[in-house]
Amino acid sequence: MDHQAVLAAYDEQLRRGARTDNPGARVERDGAVVRQIGARHDWNGVHWADVDATTADAVIAEQVRYFTSLGREFEWKLHSHDRPADLADRLRAAGFVPEPPETVMVAEVADLPTEAELPEGVSLLPVTDARGVRLMADAHDAAFGEDSSGLGERLAKRVLTQLTETPDAVVAVVAMAGDEPVSSARMEFCAGTDFAGLWGGGTAPQWRGKGIYRALIAHRARIAAERGYRYLQVDATDDSRPILRRLGFVPLSVTTPYVYTP
(Lines give C-alpha, C1' and ligand atoms only; values in the text may rest on other atoms or scores of the structure.)
Protein backbone atom coordinates (compact mmCIF):
# COMPACT_ATOMS: atom_id res chain seq x y z
CA MET A 1 0.00 0.00 0.00
CA ASP A 2 1.25 3.48 -0.90
CA HIS A 3 0.88 5.11 2.53
CA GLN A 4 1.10 8.72 1.37
CA ALA A 5 -1.33 8.20 -1.52
CA VAL A 6 -3.91 6.52 0.73
CA LEU A 7 -3.47 9.20 3.42
CA ALA A 8 -4.04 11.89 0.80
CA ALA A 9 -7.18 10.09 -0.43
CA TYR A 10 -8.41 9.72 3.16
CA ASP A 11 -7.99 13.44 3.82
CA GLU A 12 -9.53 14.50 0.52
CA GLN A 13 -12.46 12.08 0.40
CA LEU A 14 -13.43 11.62 4.06
CA ARG A 15 -12.38 14.91 5.65
CA ARG A 16 -12.31 17.76 3.10
CA GLY A 17 -15.09 16.06 1.18
CA ALA A 18 -16.99 14.88 4.27
CA ARG A 19 -20.64 13.99 3.90
CA THR A 20 -23.13 13.82 6.72
CA ASP A 21 -23.15 10.50 8.55
CA ASN A 22 -26.68 11.01 9.84
CA PRO A 23 -29.89 11.95 7.99
CA GLY A 24 -30.69 14.54 10.65
CA ALA A 25 -27.34 16.30 10.42
CA ARG A 26 -25.69 18.56 7.86
CA VAL A 27 -22.13 19.27 6.75
CA GLU A 28 -21.09 22.89 6.37
CA ARG A 29 -18.05 24.34 4.62
CA ASP A 30 -17.11 27.65 6.17
CA GLY A 31 -13.86 29.04 4.84
CA ALA A 32 -11.05 26.80 6.08
CA VAL A 33 -13.37 24.53 8.06
CA VAL A 34 -15.50 21.48 7.25
CA ARG A 35 -17.86 20.74 10.14
CA GLN A 36 -20.95 18.72 10.96
CA ILE A 37 -23.97 19.98 12.88
CA GLY A 38 -26.83 17.84 14.11
CA ALA A 39 -29.06 17.23 17.09
CA ARG A 40 -27.55 16.89 20.55
CA HIS A 41 -27.36 13.08 20.27
CA ASP A 42 -25.63 13.32 16.87
CA TRP A 43 -21.92 13.75 16.28
CA ASN A 44 -21.18 17.47 16.15
CA GLY A 45 -17.70 18.59 15.25
CA VAL A 46 -14.88 19.63 12.95
CA HIS A 47 -13.81 17.14 10.28
CA TRP A 48 -11.12 19.28 8.69
CA ALA A 49 -9.47 22.66 9.15
CA ASP A 50 -6.96 24.17 6.73
CA VAL A 51 -5.05 26.27 9.26
CA ASP A 52 -1.48 27.24 10.04
CA ALA A 53 0.35 28.92 12.91
CA THR A 54 -0.98 32.35 11.92
CA THR A 55 -4.66 31.39 11.55
CA ALA A 56 -5.28 28.44 13.89
CA ASP A 57 -6.20 30.36 17.07
CA ALA A 58 -8.75 32.57 15.32
CA VAL A 59 -10.36 29.60 13.57
CA ILE A 60 -10.55 27.65 16.83
CA ALA A 61 -12.17 30.61 18.59
CA GLU A 62 -14.72 31.00 15.79
CA GLN A 63 -15.73 27.33 16.02
CA VAL A 64 -16.15 27.66 19.79
CA ARG A 65 -18.41 30.69 19.28
CA TYR A 66 -20.40 28.97 16.56
CA PHE A 67 -21.13 25.67 18.31
CA THR A 68 -21.71 27.44 21.65
CA SER A 69 -24.34 29.63 19.98
CA LEU A 70 -26.12 26.41 18.99
CA GLY A 71 -25.81 24.97 22.49
CA ARG A 72 -23.78 22.04 21.17
CA GLU A 73 -20.90 20.15 22.70
CA PHE A 74 -18.57 19.41 19.81
CA GLU A 75 -15.44 17.53 18.85
CA TRP A 76 -12.39 18.70 16.93
CA LYS A 77 -11.18 15.48 15.32
CA LEU A 78 -7.43 16.03 15.39
CA HIS A 79 -5.09 13.76 13.41
CA SER A 80 -1.42 13.33 14.15
CA HIS A 81 -0.43 14.58 10.68
CA ASP A 82 -2.49 17.79 10.98
CA ARG A 83 -0.75 21.14 11.00
CA PRO A 84 0.41 23.25 12.68
CA ALA A 85 2.41 20.84 14.81
CA ASP A 86 1.23 22.48 18.05
CA LEU A 87 -2.50 22.34 17.16
CA ALA A 88 -3.19 20.02 20.11
CA ASP A 89 -1.67 22.57 22.51
CA ARG A 90 -3.76 25.34 20.98
CA LEU A 91 -6.96 23.31 21.39
CA ARG A 92 -6.20 22.58 25.04
CA ALA A 93 -5.48 26.27 25.64
CA ALA A 94 -8.90 27.08 24.17
CA GLY A 95 -10.65 24.76 26.63
CA PHE A 96 -10.86 21.51 24.68
CA VAL A 97 -10.37 18.23 26.57
CA PRO A 98 -8.68 15.30 24.80
CA GLU A 99 -10.23 11.85 24.87
CA PRO A 100 -8.24 8.62 24.36
CA PRO A 101 -6.51 8.48 20.97
CA GLU A 102 -7.26 5.83 18.35
CA THR A 103 -5.22 4.62 15.39
CA VAL A 104 -6.67 5.16 11.94
CA MET A 105 -6.06 1.85 10.16
CA VAL A 106 -6.79 0.96 6.54
CA ALA A 107 -6.77 -2.22 4.49
CA GLU A 108 -7.46 -3.01 0.87
CA VAL A 109 -10.70 -4.97 0.70
CA ALA A 110 -9.20 -7.35 -1.85
CA ASP A 111 -6.56 -8.42 0.69
CA LEU A 112 -8.96 -9.27 3.52
CA PRO A 113 -10.61 -12.59 4.45
CA THR A 114 -14.31 -12.65 3.56
CA GLU A 115 -15.40 -15.91 5.18
CA ALA A 116 -16.89 -15.36 8.64
CA GLU A 117 -15.63 -18.30 10.74
CA LEU A 118 -17.64 -18.29 13.97
CA PRO A 119 -17.25 -20.34 17.14
CA GLU A 120 -19.74 -23.15 17.67
CA GLY A 121 -23.14 -21.91 18.82
CA VAL A 122 -22.68 -18.36 17.50
CA SER A 123 -24.50 -16.98 14.46
CA LEU A 124 -24.76 -13.58 12.77
CA LEU A 125 -28.07 -11.75 12.71
CA PRO A 126 -28.42 -8.87 10.22
CA VAL A 127 -29.89 -5.76 11.85
CA THR A 128 -32.80 -4.44 9.80
CA ASP A 129 -35.41 -3.22 12.30
CA ALA A 130 -36.04 -1.90 15.79
CA ARG A 131 -35.68 -5.35 17.38
CA GLY A 132 -32.24 -5.79 15.82
CA VAL A 133 -31.19 -2.32 16.93
CA ARG A 134 -32.26 -3.19 20.48
CA LEU A 135 -30.08 -6.29 20.33
CA MET A 136 -27.18 -4.12 19.13
CA ALA A 137 -27.57 -1.86 22.15
CA ASP A 138 -27.72 -4.90 24.45
CA ALA A 139 -24.55 -6.30 22.85
CA HIS A 140 -22.82 -2.96 23.36
CA ASP A 141 -23.81 -2.93 27.03
CA ALA A 142 -22.57 -6.53 27.40
CA ALA A 143 -19.21 -5.56 25.90
CA PHE A 144 -18.64 -2.23 27.63
CA GLY A 145 -20.97 -2.17 30.63
CA GLU A 146 -24.40 -0.67 31.04
CA ASP A 147 -22.92 2.46 32.60
CA SER A 148 -20.92 3.42 29.47
CA SER A 149 -22.36 6.96 29.37
CA GLY A 150 -25.54 5.90 27.58
CA LEU A 151 -23.57 5.21 24.42
CA GLY A 152 -25.53 2.06 23.65
CA GLU A 153 -28.81 3.97 23.62
CA ARG A 154 -27.39 6.79 21.49
CA LEU A 155 -25.97 4.24 19.09
CA ALA A 156 -29.36 2.51 18.87
CA LYS A 157 -31.11 5.79 18.04
CA ARG A 158 -28.53 6.63 15.39
CA VAL A 159 -28.61 3.23 13.67
CA LEU A 160 -32.42 3.07 13.70
CA THR A 161 -32.54 6.48 12.02
CA GLN A 162 -30.04 5.34 9.40
CA LEU A 163 -31.92 2.11 8.70
CA THR A 164 -35.17 4.03 8.34
CA GLU A 165 -34.00 7.01 6.29
CA THR A 166 -30.81 5.92 4.48
CA PRO A 167 -30.81 2.10 4.56
CA ASP A 168 -28.25 1.78 1.74
CA ALA A 169 -25.68 3.73 3.74
CA VAL A 170 -25.25 1.30 6.64
CA VAL A 171 -24.95 -2.43 7.34
CA ALA A 172 -25.27 -3.65 10.91
CA VAL A 173 -25.00 -7.11 12.43
CA VAL A 174 -25.25 -8.78 15.84
CA ALA A 175 -23.42 -11.93 16.88
CA MET A 176 -25.84 -14.15 18.79
CA ALA A 177 -24.99 -17.03 21.13
CA GLY A 178 -28.40 -18.63 21.08
CA ASP A 179 -30.73 -15.86 22.24
CA GLU A 180 -27.91 -13.81 23.79
CA PRO A 181 -26.35 -10.88 21.87
CA VAL A 182 -22.60 -11.07 22.52
CA SER A 183 -21.11 -8.70 19.92
CA SER A 184 -22.21 -6.21 17.31
CA ALA A 185 -20.74 -4.13 14.53
CA ARG A 186 -21.72 -1.87 11.68
CA MET A 187 -20.27 -0.55 8.44
CA GLU A 188 -21.04 2.86 6.98
CA PHE A 189 -20.61 3.47 3.27
CA CYS A 190 -19.16 6.76 2.10
CA ALA A 191 -20.85 7.12 -1.28
CA GLY A 192 -18.62 8.47 -4.02
CA THR A 193 -15.41 7.52 -2.17
CA ASP A 194 -13.10 4.51 -2.04
CA PHE A 195 -13.78 3.98 1.67
CA ALA A 196 -16.22 2.10 3.85
CA GLY A 197 -15.92 2.68 7.59
CA LEU A 198 -15.99 -0.04 10.24
CA TRP A 199 -17.49 0.76 13.64
CA GLY A 200 -18.20 -1.29 16.74
CA GLY A 201 -17.07 -4.85 17.20
CA GLY A 202 -17.02 -4.89 21.00
CA THR A 203 -17.52 -8.38 22.42
CA ALA A 204 -18.84 -9.54 25.80
CA PRO A 205 -15.88 -10.48 28.05
CA GLN A 206 -16.69 -14.20 28.25
CA TRP A 207 -16.75 -14.46 24.45
CA ARG A 208 -13.48 -12.68 23.70
CA GLY A 209 -10.58 -14.53 22.13
CA LYS A 210 -12.86 -16.87 20.16
CA GLY A 211 -12.65 -15.20 16.74
CA ILE A 212 -15.90 -13.23 16.79
CA TYR A 213 -14.26 -9.87 16.11
CA ARG A 214 -12.34 -11.37 13.19
CA ALA A 215 -15.56 -12.92 11.84
CA LEU A 216 -17.32 -9.55 11.98
CA ILE A 217 -14.48 -7.99 9.97
CA ALA A 218 -14.73 -10.74 7.35
CA HIS A 219 -18.52 -10.43 7.14
CA ARG A 220 -18.28 -6.72 6.44
CA ALA A 221 -15.32 -7.09 4.06
CA ARG A 222 -17.40 -9.42 1.89
CA ILE A 223 -20.21 -6.87 1.68
CA ALA A 224 -17.78 -4.03 0.94
CA ALA A 225 -16.26 -6.10 -1.88
CA GLU A 226 -19.70 -6.78 -3.33
CA ARG A 227 -20.42 -3.04 -3.34
CA GLY A 228 -17.15 -2.16 -5.03
CA TYR A 229 -15.32 -0.36 -2.21
CA ARG A 230 -11.53 -0.43 -2.32
CA TYR A 231 -10.61 0.28 1.31
CA LEU A 232 -11.91 -0.47 4.78
CA GLN A 233 -11.08 2.14 7.40
CA VAL A 234 -11.35 1.85 11.17
CA ASP A 235 -10.46 4.01 14.18
CA ALA A 236 -8.81 1.26 16.22
CA THR A 237 -8.49 1.01 19.98
CA ASP A 238 -5.52 -0.61 21.69
CA ASP A 239 -7.54 -3.83 22.01
CA SER A 240 -8.47 -4.11 18.34
CA ARG A 241 -5.26 -2.82 16.78
CA PRO A 242 -3.26 -6.09 17.09
CA ILE A 243 -6.10 -8.12 15.55
CA LEU A 244 -6.45 -5.67 12.69
CA ARG A 245 -2.70 -5.75 12.04
CA ARG A 246 -2.80 -9.54 11.76
CA LEU A 247 -5.61 -9.24 9.24
CA GLY A 248 -3.61 -6.84 7.07
CA PHE A 249 -4.68 -3.37 8.26
CA VAL A 250 -1.92 -0.78 8.42
CA PRO A 251 -1.73 2.39 10.55
CA LEU A 252 -2.40 5.59 8.63
CA SER A 253 -2.54 8.23 11.36
CA VAL A 254 -3.57 8.69 14.99
CA THR A 255 -6.79 10.53 15.76
CA THR A 256 -7.60 12.19 19.06
CA PRO A 257 -11.04 13.63 19.82
CA TYR A 258 -10.73 17.08 21.41
CA VAL A 259 -14.08 17.88 23.01
CA TYR A 260 -15.42 21.31 23.89
CA THR A 261 -18.36 21.60 26.26
CA PRO A 262 -20.05 25.03 26.35
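The following paragraphs lead through a predicted model, from its helices to its nonpolar cores.

The account begins at helix α1, which covers residues 3-16. At 1.5 Å a residue, its 14 residues should span 20 Å, and the end C-alpha atoms lie 18 Å apart, which agrees. Buried positions in α1 are Val6, Leu7, Ala9, Tyr10, Asp11, Gln13, Leu14 and Arg15. Tyr10, a member of this helix, has a relative accessible area of 4% and is therefore buried, the limit being under 20%. Outside its neighbours within four places in sequence, Tyr10 is in contact with Arg15, His79, Val104, Phe195, Gln233 and Leu252. Glu165 stands 155 residues from Tyr10 along the chain, and the C-alpha atoms of the two are separated by 26 Å.

Two of the residues that Tyr10 contacts, Val104 and Gln233, lead on to Asp235. This aspartate belongs to strand β11, which comprises residues 231-236. With a relative accessible area of 9%, Asp235 is buried. How does its side chain meet polar partners? A polar contact of 3.1 Å joins it to the side chain of Lys77, and another, of 2.9 Å, joins it to the side chain of Gln233. When residues up to four places away in sequence are not counted, Asp235 touches Lys77, Glu102, Thr103, Val104, Trp199 and Thr255. Val104 is thus listed among the contacts of Asp235 and among those of Tyr10.

A further buried polar residue is found in helix α2, residues 56-69, where Gln63 is located. Its relative accessibility is 1%, so Gln63 counts as buried. The residues that Gln63 touches, again without those up to four places away in sequence, are Val33, Arg35, Val46, Phe74 and Trp76.

Helix α6 spans residues 212-226. For its 15 residues, 1.5 Å a residue gives an expected span of 21 Å, and the end C-alpha atoms are 21 Å apart, in agreement. Because 11 of the 15 residues of α6 are buried, the helix is largely enclosed by the rest of the structure. The buried set consists of Ile212, Tyr213, Ala215, Leu216, Ile217, Ala218, His219, Arg220, Ala221, Ile223 and Ala224. What do these buried residues of α6 pack against? Their partners are the strands β7 (122-126), β8 (170-177), β9 (180-189), β10 (195-203) and β11, together with helix α7 (241-247). After α6 comes Gly228, which has a positive phi near 85 degrees.

The packing around α6 introduces the largest nonpolar core, a set of 21 residues in which Met187, Leu232, Leu244 and Phe249 have the most contacts. At least two residues of this core come from each of β6 (102-108), β9, β10, α6, β11 and α7. The largest share, five residues, is supplied by α6. Leu232 shows how such a residue is surrounded: leaving out residues up to four places away in sequence, Leu232 touches Met105, Val106, Ala107, Val109, Leu112, Met187, Ala196, Leu198, Ala221, Ala224 and Phe249. Apart from this core lies another, of 20 residues, which includes Val51, Val59, Leu91 and Tyr260.

How values were computed. Residues numbered from 1 in each chain as written. Predicted model: local features only at pLDDT ≥ 70, side-chain atom pairs only at ≥ 80, totals over all residues. Heavy atoms only, no water. Helix = DSSP H or I, 4+ residues; strand = E, 2+ residues; numbered from the N terminus. Expected span 1.5 Å × (residues − 1). Buried < 20%, exposed > 50% of the residue type's maximum accessible area, 1.4 Å probe, protein only. Polar contact = N/O pair within 3.5 Å; in protein donor to acceptor, adjacent residues only side chain to side chain. Contact = heavy atoms within 4.5 Å. Core = buried A, V, L, I, M, F, W, Y, C linked by side-chain atoms within 4.5 Å.
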